[in-house]
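This report introduces a structure to a reader who has not met it before. The sections below take up its strands, aromatic rings, cysteines and charged side chains in turn.

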Amino acid sequence: MSCKSPDNSKGLYLIKEYYSMIRFIKVVIIIMILTVEIFPKSVKPQSKQNGVYISYQIGHLSLIDELISNQQYCGSLSGWEIKWIAGDSSQITQLGFNYILGKRIKNFSVEAEVQNFTLYYDWLLKSDIFRIFSKECTFYSGPSVLIFLHTRRQDIGNTPLEKSNLGSISINIYNRIAFRITPAFCLMSDFRLSLFSFTGKTVDTVPGEEEPSNLKVLSGFSAVDLYSIVSFRWFLQKYFSLTFEYFFNLKQVSVWDYYRSLTDNISLKLGIWF
C-alpha cells in the first residue's frame, strides 16, 4: 500500500515546517539571552518540580482508515503542546494538551486533512531508585487518563468528500525512567499503554440493515494506544530548561472499520520552573 506522491509538494511542506521549528528555536534562544543575567544560574536538583512546558513539534503520520479507504495515507505533521507539571521527591503530576495538524496527508493525488487533539492527566509515583554507571536512575509508575479526538476530511480535486471521526477516553498505565547524568542533564524514557477505553467512531452503514453502535467500551487489545517517548532535558538555569524529545504513537482500532495510525515526531520544549 503506497502513499507516495508524484510531485514534490510533500517535500516543500516539510521544509516549511522545519523553518517553523527554526523560528521557535530562535524565540527560545532570545528568551535565554534576555534572562541569563537576571535569574540565578543554580541547576541543583530541587525537592519540588513545579513548572510549565511549551513545545513545538514536527513529524510524520502513516494512516489507514477503512471507512474511507483501505489504502495507506502518509504525510507531514506539525503541532504544539502545553504541559503543567507539579511534584516533589516522591511523585509527579502532569496535565497537558497536545494539538497536531496534517494539512496534506496523501495517497498519490488524493489528499486528506487530519487533526488530532489530546488531553491527558498522569499521576506518577516513585517506585525505585537504582544506579547505572554510578549515576542515579529513578523509576516512576502510575495511572493515566487520556482523552483523544481525531478528525479527517477527505479531498479529491480540492473538493471535500467524506469525513471520519474517532474519539476515546482511555485509562492507561504510565511508566518513566529518569537517568540523571549530571545535575544539569537528564535522560528520560516514558511509556504509556491503554488498558481499556470508551471509544466512538464514525461507522459505515448499509441500507436496509440495522445501524451498528458507534460507541463501545474496548479493551487494550481491541483499541491499542501505545506511546513511547525518549527525551533529553537540559537545565540551563534554575528557572529554565530545554528538552529535545522523540515521540512515537501507535493507535489501532480493530472494531468497526479497521483504523491504524503511526505517528513519530520530534519536538523542542521550553520549560519554565518555579
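A residue is called buried when its relative accessible area is under 20%, exposed when it is over 50%, and partly exposed in between. The structure described here is a predicted model.

## Strand 2 and its neighbours

Strand 2 covers residues 69–87, and 14 of its 19 residues are buried, so the rest of the structure largely encloses this strand. On one side of the sequence, strand 2 pairs with strand 1 (residues 51–65); the two run in the antiparallel sense and share 14 bridges. Three residues separate strand 1 from strand 2, and the two strands form a hairpin. Within this pairing, E81 of strand 2 has S55 opposite it.

Strand 2 also pairs with strand 3 (residues 91–107), again in the antiparallel sense, over eleven bridges. Here too a hairpin is formed, with three residues between strand 2 and strand 3. One position in this pairing is S78, which has L101 of strand 3 opposite it. As a general point, side chains in a regular strand alternate between the two faces of the sheet.

## Aromatic rings

The structure contains eight aromatic pairs. In one of them, the ring centres of W80 and Y99 are 6.4 Å apart and the ring planes meet at 45 degrees, so this pair is classed as tilted. The two residues come from distant parts of the chain, with W80 in strand 2 and Y99 in strand 3, 19 residues apart.

The partners in this pair fall into separate accessibility classes. W80 has a relative accessible area of 41% and is therefore partly exposed. Y99, at 16% relative accessibility, counts as buried. Both W80 and Y99 belong to one aromatic cluster, together with F97 and F117.

## Charges over rings

Charged side chains are also placed over aromatic rings. The charged end of R192 sits over the ring of Y227, at 5.0 Å from the ring centre. In another such contact, K251 lies over the face of F148, 3.9 Å from the centre of that ring.

## Cysteines

A disulfide is a covalent bond that joins the sulfur atoms of two cysteines. The count of disulfides in this model is zero. For C137, the closest cysteine sulfur is that of C186, at 8.6 Å; a disulfide requires the sulfur atoms to be within 2.5 Å, so this separation is too far for a bond. The relation also holds from the other end: the closest cysteine sulfur to that of C186 belongs to C137.

Both of these cysteines lie in the interior by the accessibility rule. C137 is buried at 1% relative accessibility, and C186 is buried with a relative accessible area of 5%.

## Salt bridges

Side chains of opposite charge can pair when their charged atoms come close. Across the whole structure there are nine salt bridges. One of them joins K269 and E81, with an N to O distance of 3.6 Å. This salt bridge links distant parts of the chain, since K269 is in strand 11 (residues 259–273) and E81 is in strand 2, 188 residues apart. K269 and E81 are both buried. These two residues also take part in a network of salt bridges that includes E245.

A further salt bridge is formed by R153 and E113, at 4.0 Å from N to O. R153 belongs to strand 5 (residues 135–156) and E113 to strand 4 (residues 110–132), so the pair ties together parts of the chain that are 40 residues apart in sequence. R153 is partly exposed, with a relative accessible area of 31%, and E113 is likewise partly exposed, at 24% relative accessibility.

Strand 4 also supplies a residue to another salt bridge, between D122 and R192, whose closest N and O atoms are 2.9 Å apart. D122 in strand 4 and R192 in strand 7 (residues 185–201) are 70 residues apart, and the pair thus links distant parts of the chain. Both D122 and R192 are buried. R192 has two of the contacts described in this report: the salt bridge with D122 and the placement of its charged end over the ring of Y227.

Technical notes: Residues numbered from 1 in each chain as written. Predicted model: local features only at pLDDT ≥ 70, side-chain atom pairs only at ≥ 80, totals over all residues. Heavy atoms only, no water. Buried < 20%, exposed > 50% of the residue type's maximum accessible area, 1.4 Å probe, protein only. Helix = DSSP H or I, 4+ residues; strand = E, 2+ residues; numbered from the N terminus. Pairing = 2+ DSSP bridges. Phe/Tyr/Trp six-rings, centres within 6.5 Å; stacked < 30°, edge-to-face > 60°. Lys NZ or Arg CZ within 6 Å of the ring centre and 35° of its normal. Salt bridge = Lys/Arg side-chain N within 4 Å of Asp/Glu carboxyl O.
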